[in-house]
Structures are given as structure tokens and as C-alpha cells.
Amino acid sequence: MQNLVVARGTRPAQSVTPVMLEIVKGALSSAQSEMERLLQRTAMSPVIREKQDYFCGLFDRQGRLLIGTKLPLLGNILDPVLEFFPMEEMKPGDVYWYDDPYLSKGGVSHTPDQVFISPIFVAGQLVGFTHSWAHFLDIGGTHSGSTTPDATEIFHEGILIPPVRLYREGVLNEDLFRTFVRNSRFPDMIKGDVRAMMAAVELGRLRMVELFERFGIETAHQAFEQLINQTREFARARLDAIFTPGSYRFAELIDQDGHGTTSIAIRMTLTAANGKLILDATDTDDQTLGPINFLMHPSVVQMVFGIYALAGHPEFMFNEGLLGIIDEVKLREGSVIQPRFPASLGQRSVTVSRVTSACLGLIGVARPDLALASSSAYSANKLRGVFMGSGKVFLKTLAIAAGQGARPASDGPDAVYFLNQQNYPLEFAEQNYPLIMRQYAINQDSGGPGRWRGGCGVIREFAMISKSASISIRMSNVDYPAYGVNGGMSGRSGRFVLNPGTPGEKILPSLQDGVALATGDVLQIAMPGGGGFGHPFDREPERVLRDVLAGFVSVESAQEDYGVILDVESQSVNMAATREHRAAYRWPTKLFHRCRYFDAEEWWDHADTLSQSQHSRV
């Protein structure tokens with residue numbers, strides 16, 4: 001096989017035909033999918049196997065991204081390794097590894113995320129790179145699970161791995177590997193997950209070698225160049241059509257950091273001038289003591305806008321072409337999206353979701369007709385305790401789905417947990433942990449009313465059957481629910497309720513660790529919804545009726561928010577009464593809605609006032 005690779009991989013370049021380009025595109029997509037399925041099937045951690053918190057990707061010989069994911073965090077995977085290990089010194093069989101957010105400059109954004117990268121060689125030439133990325137269940141730190149609302153510095157969040165060489169020409173650095181495993185509370189699981197990650201990397205290498213074998217090194221790279229250019233040109237053209245010359249600004253608010261700081265503002269101004277797009281986020285509020293800080297590489301903003309630009313166009317790939325569609329991204333060191341070492345980062349997903357909604361808010365300001373309502377962020381919780389009888393320690397992560405924002409022509413998706421990731425099935429949870437699931441349902445009326453309804457969150461409720469346990473809880477969009485656009489209303493807030501419906505019922509804070517649960521205690525997690533799009537009175541009464549019958553909207557909300565009068569007994573709409581009610585009670589609207597309506601300038605000023613009233617900025 002090696003001789004065959006040498007003969008074919010080094011042959012003269014051919015011109016890339018349209019058919020050949022599509023074959024290369026399909027080969028890259030297939031390789032990524034196969035890598036990810038292998039990783040999922042062979043990993044030991046339920047975070048990877050069940051929750052599917054992983055991604056794989058491929059790069060060309062210049063280190064440019066060939067195929068990435070819809071997760072905007074992964075635009076700076078390879079550069080951290082190249083900073084410490086020059087390409088010319090790499091050898092076949094090398095594997096590089098890191099999880100340090102600061103030394104990787106945001107290549108990963110919290111410590112549980114592990115990255116493994118390997119160079120690809122054909123006929124002695126470095127022709128590309130392959131990588132796998134996954135969230136590990138526990139890598140040490142002050143609390144089981146390595147991320148906790150209690151953290152105030154990154155050293156509380158597990159072992160830091162700078163970019164290192166784990167394998168040198170195929171030989172494992174046993175000392176380094178044993179040190180890492182020793183820091184986990186679940187060492188056998190960690191060993192299995194590393195093996196799965198390595199298997200995915202190797203599979204990616206094999207598939208890329210096959211691609212070069214088929215087309216030749218130079219021809220393949222010509223195809224890569226065309227695919228990158230296709231993506232860049234299309235995405236940038238879409239942004240230029242949205243952001244005509246001028247300046248646009250938007251501010252988004254984070255509820256709290258869990259340590260006393262509230263109403264934390266992300267402020268973005270995008271200027272389109274002289275053929276360039278410049279995004280300035282330097283006026284964003286300072287980093288916090290609590291772990292919601294997000295070490296944001298500039299590529300994150302590029303990917304957010306790029307994902308928007310490519311939506312509905314599967315013919316274009318998520319690749320390097322997206323990473324330069326904004327000409328300059330300005331950040332301020334010491335802000336909540338560019339914190340100084342050693343600020344804690346473990347709950348950064350709270351801030352990631354607000355960065356996304358801030359970028360989408362800029363699009364709404366520039367082109368209201370193309371605006372997307374904001375989405376609520378998922379809830380991440382960690383249940384820790386001891387099995388009765390065996391005394392074995394358990395750690396159960398609970399990721400709960402929220403409602404997503406409505407679009408200009410469709411409702412927001414209901415019950416989504418972060419892109420392609422999954423909730424744990426109820427059966428899996430009950431079979432593997434000491435709890436009984438009592439309810440799993442749509443959180444009625446949580447979706448923001450609108451011509452297009454915001455997606456609804458879910459309710460999950462479980463009872464503990466272990467002797468005792470504690471849980472860390474996290475939910476955002478509680479104080480500041482997901483905004484609605486173009487007359488659509490904001491989504492409704494969520495809540496944590498301990499022992500609901502009993503004399504001991506208690507509403508819990510939205511970001512806290514160490515909540516004690518005794519045998520028989522019940523925890524209800526009711527998730528917030530996404531914002532709506534368009535005036536609710538413009539929604540077809542038949543759609544409102546279907547929502548009511550399906551349990552997404554209550555009869556009361558149908559009348560109060562949508563102006564639809566229902567005959568409950570006959571399960572029908574009273575059309576005459578509905579027309580009369582809507583004519584009499586239709587209210588005026590503005591561009592954005594969060595509990596009340598705002599135009600673009602009012603929105604900015606209101607967010608600024610709320611932020612500055614809670615804390616001062618440097």
C-alpha cells in the first residue's frame with residue numbers, strides 16, 4: 001500500500017473538474033462522519049457515548065480547516081500545537097494533545113475539552129492534519145466533574161495540559177499519560193476515552209491517505225483550495241448584503257456569575273466601511289470572579305456569522321473560508337470574553353450563548369426582515385453522590401434542552417440541547433443512577449409568542465433514591481429571557497424547584513453548587529423558551545389551536561397573547577370572536593422585545609443602564 005501511495009500521491013496535478021470537486025467534498029464529509037461515529041461507539045464516558053459531546057475535523061498541509069462543525073468554538077484547534085511544534089519537526093506517528101484554554105488562546109474554552117491532533121504524511125510529505133475533540137467527564141479539580149459554579153480560578157477546574165506530544169513517532173509517553181489518568185476520579189473511563197479519541201484520529205489519517213492516493217497530493221490540495229474559496233466568497237457576499245455601509249450596535253446581558261455579579265453586558269459594534277467589516281467588542285463588561293468567563297478566540301465570531309450565512313446551503317462546507325469573513329475582531333483583555341489568567345472558565349457556555357445572540361442581534365439591527373429571535377441556553381447540572389449498598393461514587397451530568405428562537409418563516413425548534421448533542425434518555429438515567437424520572441414534558445407557554453412562535457423548553461423532574469447526594473445547577477435566561485424580534489415577544493423564564501407542590505417547596509438559585517438532596521427529594525427543572533418573531537396576533541388561529549391541543553400553548557395564553565378565542569369543548573376556533581378581539585386589543589410593537597418592547601437605540605441604552613447599575617466597568 002505504501003508503494004501505491006507514493007506512486008499515486010506524488011503524480012502531477014490534474015485540473016479539478018466539478019465532478020471531482022464534489023467527490024472530494026463527499027470524501028471529507030464521509031471521513032468526518034466515520035471518525036465521529038467511531039469515537040462515539042468506542043468511548044466509555046456517557047458524556048461522549050450518550051450526550052455526544054465531541055467533534056472531529058481535518059486540515060490541509062497549511063493548517064487550514066477543511067471540515068469543521070456547526071459549533072462556533074472550534075475555529076482555532078491547530079494553531080496552539082503549531083506554536084510549540086513547528087511543522088518541519090513533525091514525524092509520522094506523532095500525536096499532540098492539549099486542554100489548556102489560556103496557552104491555546106481559546107483553542108479549547110474550558111479544561112474538560114481534550115484535543116488530540118496528528119499530522120498526516122504521504123510519501124514523506126506532510127499533507128494535512130486530523131483531530132478529535134471531546135468533553136471528558138472528570139479531569140480533577142475541586143469538584144467531581146471538574147466544572148463547578150463554585151470555581152473562582154482555573155486551577156479549581158482540573159489538570160491543565162499545555163500543547164504536548166503524547167506520541168513521538170508512534171511511541172506513547174507513558175509518564176505523561178499516567179499523570180493525566182491519576183488526576184481523574186474515574187481513571188478507567190478516562191483511559192477508554194483517550195483510546196477512542198486516538199482511534200478516531202488514526203481513522204481520519206487513513207481516510208485522508210486514501211483521498212490523496214486516489215487524486216494525488218497536488219490535485220487534492222487544489223480541490224481543497226476551491227472548497228475554501230467557495231465558502232469564503234459565498235459567506236462574505238451574504239454578510240456584505242446584510243451589513244451595508246454604516247455602524248450597527250447591540251448589547252446582550254448575562255444573568256449572573258454565581259458570585260454576586262449580575263447583569264453582565266456583552267457590547268458589540270459592527271462597522272461596515274471601505275469594503276471591510278470590523279467588529280468591536282472592547283466595551284464588553286469586565287471578567288467576573290465566577291466561572292462564566294469565556295476565553296473567546298476571534299474565530300468564534302467569524303464562525304457565528306459564517307454559520308448564519310451558510311444556513312440552508314448544504315452545498316458549502318464549514319471550513320477555513322469562514323474564518324476571515326469579518327476583517328477584524330477587536331477584544332479587550334480583562335473583559336468577560338477575554339479574561340486574564342487564571343480566571344475560571346468552567347461555565348463559559350452561559351456566555352457563549354449570549355455572544356451568539358449578540359451577533360444575531362447585530363443582524364436584526366441591520367436587517368430586521370432577516371432577524372432571528374434569541375434562543376435560550378441549555379441547562380447543565382452535575383449530580384454527585386454514593387450508591388447505597390456498594391458505596392461506589394457516581395457522577396451524573398444532566399443537560400436539559402431549552403427552546404430556540406423563531407425565524408422569519410418558521411417557529412423556533414422546541415426542546416433543543418446545543419446543536420447535535422443529546423439529552424440522556426430517561427431509561428439510561430434510571431438504569432445507571434439512583435434516581436427515578438417523574439416527569440419529562442414540554443414546558444407549556446415557555447416559547448415566546450409571535451407570528452412564528454419561539455420554541456418551548458422542557459420540564460424534567462426526578463426523585464432521588466440514594467441515601468444522599470448533592471447537585472450543581474446552572475440555568476441562564478432567567479433574569480433576561482431570550483428576546484423576540486419584529487413584534488415577537490421574549491421567551492419565558494425557567495426555574496429550579498425543590499420538592500414542588502409540597503409544604504417544603506423551594507425555588508433554587510439559577511447558578512449554584514452543593515444543593516443537598518436527601519432520599520425522596522424531588523427536583524424539577526423547568527427550562528426557558530426561545531423568542532418569537534412577528535406580532536402574535538398575525539399567527540394563524542389554526543396554528544394556535546394546534547399548539548393548544550399539543551400542549552405547547554395554554555388556553556389562557558391563546559387568548560391573552562395570540563388573541564385567539566377557543567371553544568374548548570369542541571376543540572375549535574371561534575373565528576368571529578377572534579377577529580373582534582384582535583381588532584380591539586392589537587398592541588403596537590418595536591424591533592426587540594424582552595418583557596417590553598424596544599427600538600434598537602432603546603435596547604442598547606436599557607442594557608447599558610442595567611449593567612452599570614449593578615457594577616462598574618474599568
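Start with strands E14 and E15 in this predicted model: they run antiparallel, with 7 bridges joining E14 to E15, which covers residues 458–464. If you want a spot to zoom in on, Ile442 stands opposite Val458 in E15. Now pull back a bit. The two strands belong to an open sheet of 5 strands, ordered E14-E15-E21-E18-E19, with antiparallel pairing. E14 (435–442) and E19 (506–508) are the edge strands; each has a single partner, so one side of each is left without a neighbour in the sheet. Going between neighbouring strands here, the turn is 20° on average, ignoring direction. As a bit of background, strands of a sheet pair through backbone hydrogen bonds, either parallel or antiparallel.

While you're in this part of the chain, have a look at two arginines. Arg460 lies over the face of Tyr440, 4.2 Å from the ring centre. Arg451 has its charged end over the ring of Trp452, at 4.0 Å from the centre.

There's another open sheet to visit, this one with 4 strands in the order E8-E9-E10-E11 and mixed pairing. Its edges are E8 (246–256) and E11 (328–330), and because each has a single partner strand, one side of each lacks a neighbour in the sheet. The twist averages 15° from one strand to the next. Inside this sheet, E9 (residues 262–273) and E10 (residues 276–280) pair in the antiparallel sense over 5 bridges, and Ala272 stands opposite Leu277 in E10.

On to the aromatics: searching the whole structure turns up 23 aromatic pairs. Take Phe234 and Phe316, whose ring centres are 4.3 Å apart with planes at 15°, so the pair is stacked. This one links distant parts of the chain, 82 residues apart: Phe234 is in helix H7 (residues 217–242), while Phe316 is in the loop between helix H8 (299–310) and E11. Phe234, at 21% relative accessibility, counts as partly exposed, whereas Phe316, at 16%, counts as buried.

Phe592 and Trp603 make a tilted pair instead, 5.3 Å centre to centre with 45° between the planes. Phe592 belongs to strand E24 (residues 592–593) and Trp603 to helix H14 (residues 600–614), 11 residues apart. Both residues are buried, and they're part of one aromatic cluster with Phe250, Tyr483 and Phe598.

How far should you trust all this? The protein averages a pLDDT of 94, with 97% of the residues scoring at least 70. Residues 1–7 are another story: pLDDT stays under 50 there, and the model has 9 contacts for them beyond four places in sequence.

Conventions: Residues numbered from 1 in each chain as written. Predicted model: local features only at pLDDT ≥ 70, side-chain atom pairs only at ≥ 80, totals over all residues. Heavy atoms only, no water. pLDDT = per-residue confidence, 0-100. Contact = heavy atoms within 4.5 Å. Pairing = 2+ DSSP bridges. Axes fitted to C-alpha atoms, helices over the stretch in contact; angles between N-to-C directions. Phe/Tyr/Trp six-rings, centres within 6.5 Å; stacked < 30°, edge-to-face > 60°. Buried < 20%, exposed > 50% of the residue type's maximum accessible area, 1.4 Å probe, protein only. Lys NZ or Arg CZ within 6 Å of the ring centre and 35° of its normal.
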